Amino acid sequence: MHNSLYALIVSAVLALFGNSAFAGQFVVELYAPLEPPSPSLLQAHGVEVENSLAAGSNSYAIFSARDAESLSAFLDVSSIQVAKISEVIFVNTPMLGGGTVSGPTPKPGHNVFVVERPIPGVGFFGLDKKQRISANSVAAMDKLGDIIEWDRSYLTSEGTYCLYRADSSATLREHGALAGAPIGKITRVEQMSFVQE
């Protein structure tokens, strides 16, 4: 009951404010793990690091910025080697499909993974379709049990970057099959945070 009520509240808020992410969120694919950025450079460009997901040459970072130009300017002066920048259109979570929020840290035996799903235009799908996608993911997790948790998914114009916690990449592939969701790439990452002053 609590989860259903929460999903209704989230749905109402999303309907009220439209189905877009908070202004200026970006997933940046990196050639190397993100080093702690200079707080003064971040502030000067109006940029914040929301999440850093380190995995050697296949690393990711989630940034918020006033706009794409501000983020690009920051990345240029910071000499951060970027493979790709994707603007986030919507952030999907288990709550939207009636699921529970994952805890603040991974469960014992779980690792953090980024699952890329090539779904053209997914960020622009209507709210009903996004709720169905979320519900399918939650139903698949319910079948698999405690070996998987879904944190959130960043939806772009080209596909999704989904953050999961699971015991293995095989579990994530099984989840994708059960949920009817395509899988492009699975990357095990180390989730890092930078304290910003």
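At what angle do the axes of helix α4 and helix α5 cross? Keep that in mind as you load things up, and remember that this is a predicted model.

**Stop 1: the two helices**

Select residues 127–144 for α4 and residues 169–179 for α5. Their axes cross at roughly 125° and come within 8 Å. That angle makes α4 oblique to α5, and the crossing is right-handed.

Now show side chains where the helices meet. On the α4 side, pick Asn136, Ser137, Ala140, Met141, Lys143 and Leu144. On the α5 side, pick Thr171, Glu174, His175, Leu178 and Ala179. Colour them by class and you should get five nonpolar, four polar and two charged residues in this contact.

**Stop 2: a pair of rings**

Next, select tryptophan 150 and tyrosine 164. Where do tryptophan 150 and tyrosine 164 lie? Tryptophan 150 sits in strand β7 (residues 148–155), and tyrosine 164 is in strand β8 (residues 160–166). The pair therefore ties together parts that are 14 residues apart in sequence.

The model has three aromatic pairs in total. In this one, the ring centres are 6.3 Å apart and the planes are at 25°, so the rings count as stacked. Turn on a surface and look for the two residues: tryptophan 150 is buried at 3% relative accessibility, and tyrosine 164 is buried too, with a relative accessible area of 2%.

**Stop 3: histidine 110**

Go to histidine 110, in the loop between β5 (90–92) and β6 (111–117). Is histidine 110 buried or exposed? Its relative accessible area is 11%, which is under the 20% cut-off, so histidine 110 counts as buried.

To see what surrounds the side chain, add the residues that histidine 110 touches beyond its sequence neighbours up to four places away. One run to select is Asp146, Ile147, Ile148 and Glu149. The other contacts are Arg165, Ala166 and Asp167.

**Stop 4: leucine 75**

Finish in helix α3 (residues 68–78), where you'll find leucine 75. With a relative accessible area of 3%, leucine 75 is buried. Which residues does leucine 75 touch, leaving out those up to four places away in sequence? Select Phe63, Ile80, Val82 and Ile85 to see them.

Before you close the viewer, draw a distance between the C-alpha atoms of leucine 75 and leucine 41. These two leucines are 34 residues apart along the chain, and their C-alpha atoms are separated by 9.7 Å.

Terms used
Residues numbered from 1 in each chain as written. Predicted model: local features only at pLDDT ≥ 70, side-chain atom pairs only at ≥ 80, totals over all residues. Heavy atoms only, no water. Helix = DSSP H or I, 4+ residues; strand = E, 2+ residues; numbered from the N terminus. Buried < 20%, exposed > 50% of the residue type's maximum accessible area, 1.4 Å probe, protein only. Contact = heavy atoms within 4.5 Å. Axes fitted to C-alpha atoms, helices over the stretch in contact; angles between N-to-C directions. Parallel < 35°, antiparallel > 145°, perpendicular 65-115°, else oblique. Left-handed = near helix turned anticlockwise from the far one by under 90°. Nonpolar A, V, L, I, M, F, W, Y, C, P; charged D, E, K, R; others polar. Phe/Tyr/Trp six-rings, centres within 6.5 Å; stacked < 30°, edge-to-face > 60°.
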